[in-house]
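Work through the exercises below with the sequence and the model side by side, and try each task before you read its solution.

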Amino acid sequence: MNKRLSNMFFALFIALSLLPAQTWATGYTGTKYPIVLVHGLFGFDNIGPVEYFYGIPAALRADGAQVFVTQVSAANSTEVRGEQLLAQVKQILAVTGASKVNLIGHSHGSPTSRYVASVRPDLVASVTSVGGVNKGSKFADFLLGVAPPGTYSNAAIVSLTNGASKLISFLSGQPKLPQNAAMAAASLSTPGSLKFNAAHPDGVPTSACGEGAYNVNGIAYYSWSGAQQATNLLDASDPILVLTSLAFNGEPNDGLVGTCSSHLGQVIRDNYAMNHLDEVNQLIGLVNIFETNPVTLYRQHANRLKNSGL
Ligand code: CA
């Protein structure tokens with residue numbers, strides 16, 4: 001190869017290596033609309049280096065997705081959290097120039113996302129529920145049952161929960177987000193969820209444990225969830241989820257959400273060998289090594305959205 005040609009190749013190599021990483025990516029996760037991740041109860045965007053959706057944003061970005069991690073009140077009603085999310089969705093649309101977003105919500109993040117899709121369907125391409133509290137959590141029912149509002153034990157739980165939520169907000173750099181544990185518990189209970197669903201029914205199954213409508217108002221609805229509690233001997237949160245699962249009286253659940261409650265729109269799968277925290281790759285990647293990695297599920301889903309023109 002003559003010197004001039006090799007210099008040209010070298011210059012070309014430098015030029016290509018200066019291009020953004022996305023240009024090199026396969027495009028496997030390259031959705032048309034930005035992906036917006038929405039956390040659950042006691043959630044946050046990140047506390048220091050620890051993300052709520054642990055390792056998931058980077059894995060989605062690696063092959064082309066634009067990903068935004070939102071932060072709403074750690075503990076509050078679905079409607080309050082939904083309004084906070086709507087404001088952030090509008091900011092994301094303004095920054096990216098996109099016309100819609102793909103919302104992916106974990107736990108309380110699912111009804112929070114559904115609220116935005118319900119009040120502003122023009123801004124949403126899809127809603128995906130991961131371990132979503134779509135028809136309430138028997139654990140919230142249990143808490144409200146043993147500690148009804150007005151009792152001393154309820155006041156103690158509310159006070160503890162508000163304190164924890166304020167601490168989470170402070171640590172994650174959003175100390176001003178309003179926290180209201182009593183409203184969160186009411187929203188996550190079965191009666192509270194059914195009341196919310198009556199006003200915002202899109203994608204929610206009308207049968208007890210079937211699928212919901214795949215598409216409502218031009219918005220695609222999907223869900224998946226785990227149905228196991230203890231999945232990794234090294235994860236200190238597993239015994240807690242084994243305990244909370246007792247509130248479900250043998251009904252399949254992921255430790256905090258019943259399998260049927262997790263259904264929304266197209267049910268991709270509802271019995272992964274994952275617990276409620278595994279669904280967001282917690283604690284810090286300690287998940288079931290005999291099950292598909294949760295990060296892989298998010299990547300596969302981004303590809304599913306992409307192939308659906310979303
Ligand atoms: Ca885990």
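With -90° about the S-S bond, the link of C209 and C260 is left-handed, and this link is where the first exercise begins. The model is a predicted one, in which local features need pLDDT of at least 70 and side-chain atom pairs count only at pLDDT 80 or more, while totals for chains, interfaces and linings use all residues. Residues are numbered from 1 along each chain as its sequence is written, and side-chain values use heavy atoms, with hydrogens and water left out.

**Exercise 1. The disulfide**

Find which parts of the chain the disulfide of C209 and C260 links, and decide whether C209 is buried, partly exposed or exposed.

Step 1. A disulfide is a pair of cysteine sulfur atoms within 2.5 Å, and C209 and C260 meet this rule with an S to S distance of 2.0 Å.

Step 2. The pair links distant parts of the chain, 51 residues apart, since C209 lies in the loop between α9 (190-199) and β7 (215-216) and C260 in the loop between α10 (238-244) and β9 (266-272); helices (H or I, at least four residues) and strands (E, at least two) are DSSP runs, numbered from the N terminus.

Step 3. Buried means under 20% relative accessible area, exposed over 50%, and partly exposed in between (1.4 Å probe, protein chains only). C209 has a relative accessible area of 35% and is therefore partly exposed, and C260, at 24%, also counts as partly exposed.

**Exercise 2. The aromatic rings**

Work out how the rings of F44 and Y52 are arranged, and then how those of F53 and Y298 are arranged.

Step 1. Rings of Phe, Tyr and Trp (its six-membered ring) pair if their centres lie within 6.5 Å, and planes under 30 degrees apart count as stacked, over 60 as edge-to-face and the rest as tilted. By this rule there are 5 aromatic pairs.

Step 2. The ring centres of F44 and Y52 are 5.8 Å apart and their planes stand at 90°, so this pair is edge-to-face; both residues are buried.

Step 3. For F53 and Y298 the centres are 6.2 Å apart and the planes at 85°, so this pair is edge-to-face. Because F53 lies in the loop between β3 (50-51) and α3 (56-61) and Y298 in helix α11 (residues 294-307), the pair ties together parts that are 245 residues apart in sequence.

Step 4. F53 counts as buried at 1% relative accessibility, and Y298 counts as buried at 1%. Ring pairs link F44, Y52, F53, W224 and Y298 into a cluster.

**Exercise 3. The calcium ion**

Identify the protein donors of the calcium ion and describe their spacing in sequence.

Step 1. Donors are N, O and S atoms within 2.8 Å of the metal (3.2 Å for Na, K and Ca), and sites may look incomplete because water is not among the atoms.

Step 2. The protein donors are D235 (OD), D278 (OD), Q282 (O) and L286 (O), which lie 2.2 to 2.5 Å from the calcium ion, and their spacing in sequence is D-x42-D-x3-Q-x3-L.

Step 3. D235 lies in the loop between β8 (219-226) and α10, and L286 in the loop between β9 and α11, so the pair ties together parts that are 51 residues apart in sequence. D235 is buried, at 2% relative accessibility, whereas L286 is partly exposed, with a relative accessible area of 25%.
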